[in-house]
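Hello,

Here is the structure for you to load. My notes on it follow below.

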Amino acid sequence: MLLILIIVTLKLSAIQTADPRAEISGLRFHQHPNFLRIVLDINHIREFYSAELKNPERFYLDVFQAKLSPALAGKSLEINSGCVRTLRIAQKNPSTVRLTVELEPGKKKQQKIFYLKNPSRLVLDLYHQTQDSTRASGSSSSPPTSAREKQGVASPPTTEEKPPQPPVPSSSGYTLVRQLGLGVKRIVLDPGHGGSDPGCLGVNGLKEKDVALDIALRLKKILETEGHFEVLLTRDRDITLPLEKRTALANKYRADLFISIHLNASPRKNRSGVETFYLNFSPDPAVNELAARENASSTKNIREIKLIVEKIMKNTKYDESRELAEKIHYNLYRHLKQHFGPRDNLGVKGGPFWVLIGTEMPAVLVEASHLSNAKEAKALKTDMYRESIARGIFRGIIEYVKSLGKG
Ligand SMILES: [Zn+2]
């Protein structure tokens, strides 16, 4: 008994002293013709978040569950090249390291953030306007034309010192469909929830699972008759279907697009409107709360979280999914506003939705309206409103497909 106690005590003290934070031990940069590569040496993969700020124009990258090695504390580097003026790194709070990039106003075009191994490092590529890219600006959604571009986007370069044909920013992370200029033929629609999982409940008794299925069936009809797409549903009736199966079905069907349809619920009863997601981490507690709710029927357990984090990092459909989300979102938002009056524009966001993890095609999750809002719940009872949601999503899909150059 005593021995057990000692072991337990030893284990407890080991847990207490183990620092869960990854260490950032280096900050380097390399100037390339059309981008600046910034490298953070970090011993473990960690979640990160990036955003842009104005006045002065700057970009930041927060690495969570990380600490800065003492040698880097408060370090700042003068770059004055490309779109970057200076780099600063600091421990923002005990668990977050922030890299701040002061930008040359109006020069940054795009960024790409990814992990590389051996040695383990987090890479931030900041692309700037060049004469070529200025000429090509506005064509960011056109398919790349040269063989070099097609080659370059397949995988990120393996060393920062000598990247093999750095990808052009407009096509970075694009799947083969986009790279080869192929069109969209097959679409998988995923009506959220079903069977024993009703999803959220409307203030008027509507169930998310029923409304989502009805909208998906309407959308299927429009896509088939007007868009001439081949459309498959993950479920066409009221059955229980785990999230992983939905993704697996989309991959099995070799779909070109995956669209998961949901209805939202918020504790704020006056919150209304459309909210559209692609797969990413989110620092927003409200998004994570929504994701937790939508992820509730997953069979994944906590041990798989590390794998999930790695999958999100390697999400090669990031750019395309975000574009698809944007096209669907704004078309749906505009369409509903035009026909049913003003509503909140909640925007396009990244969120850790498990149904989007592991999809091999651009994938989005649409929260088409709020069942928690009395006005929208009432509208959701009507055929006209449901049809309008299907129509708005359809328009977004068409705009996305046209942007591929093969409409
Ligand atoms: Zn849902």
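In β7, L87 is the bridge partner of L77. The model is predicted, so please read everything here in that light. L77 and L87 belong to an antiparallel pairing: four bridges join strand β6 (residues 76-81) to strand β7 (residues 84-93). The two strands form a hairpin, with two residues between them. G82 sits in that turn and has a positive phi of about 60°. As background, side chains in a regular strand alternate between the two faces of the sheet.

**Zinc site**

Which residues hold the zinc ion? The protein donors are H193 through NE2, E208 through OE, H262 through ND1, and E294, which is listed twice through OE. They lie 2.0 to 2.4 Å from the ion. Along the sequence, the donor residues follow the spacing H-x14-E-x53-H-x31-E. H193 is in the loop between β11 (186-191) and α5, while E208 is in helix α5, so this pair ties together parts that are 15 residues apart in sequence. H193 and E208 are both buried.

Helix α5 spans residues 208-225 and also contains D210. Is D210 buried, exposed or partly exposed? D210 is partly exposed, because its relative accessible area is 37%, and the partly exposed class runs between 20% and 50%. D210 and G192 are 18 residues apart along the chain. Their C-alpha atoms are separated by 9.0 Å.

**Aromatic pairs**

Searching the whole structure gives four aromatic pairs. Two of them are described here, starting with F35 and Y127. The ring centres of F35 and Y127 are 5.1 Å apart, and the planes meet at 35°, so the pair is tilted. The tilted class covers what is left between stacked, under 30 degrees, and edge-to-face, over 60. F35 lies in strand β2 (residues 35-42) and Y127 in strand β10 (residues 121-128). The pair therefore ties together parts that are 92 residues apart in sequence. F35 has 0% relative accessibility, so it counts as buried. Y127, at 1%, counts as buried too.

The other pair is Y278 and Y318. Their ring centres are 5.6 Å apart and their planes are at 85°, so this pair is edge-to-face. Y278 lies in strand β14 (residues 274-279) and Y318 in helix α9 (residues 318-340), so a strand and a helix 40 residues apart in sequence are tied together. Are these two tyrosines buried or partly exposed? Y278 counts as buried, because its relative accessibility is 9% and the buried class is under 20%. Y318 has 28% relative accessibility, so it counts as partly exposed.

There is also a charge over a ring. The charged end of R98 sits over the ring of Y60, 3.7 Å from the ring centre.

**Whole chain**

How many helices and strands does the chain have? The secondary structure comes to eleven helices and 16 strands. The chain has 407 residues, and 50% of them count as buried. Take the contacts between residues at least 6 apart in sequence: 73% of these join residues at least 24 apart. The accessible surface is about 19,500 Å². Carbon and sulfur atoms account for 55% of that surface.

Best regards

Definitions and conventions:
Residues numbered from 1 in each chain as written. Predicted model: local features only at pLDDT ≥ 70, side-chain atom pairs only at ≥ 80, totals over all residues. Heavy atoms only, no water. Buried < 20%, exposed > 50% of the residue type's maximum accessible area, 1.4 Å probe, protein only. Phe/Tyr/Trp six-rings, centres within 6.5 Å; stacked < 30°, edge-to-face > 60°. Lys NZ or Arg CZ within 6 Å of the ring centre and 35° of its normal. Donors = N, O, S within 2.8 Å, 3.2 Å for Na, K, Ca; no water. Pairing = 2+ DSSP bridges. Contact = heavy atoms within 4.5 Å. Areas by Shrake-Rupley, 256 points an atom, 1.4 Å probe, with all protein chains shown as cover.
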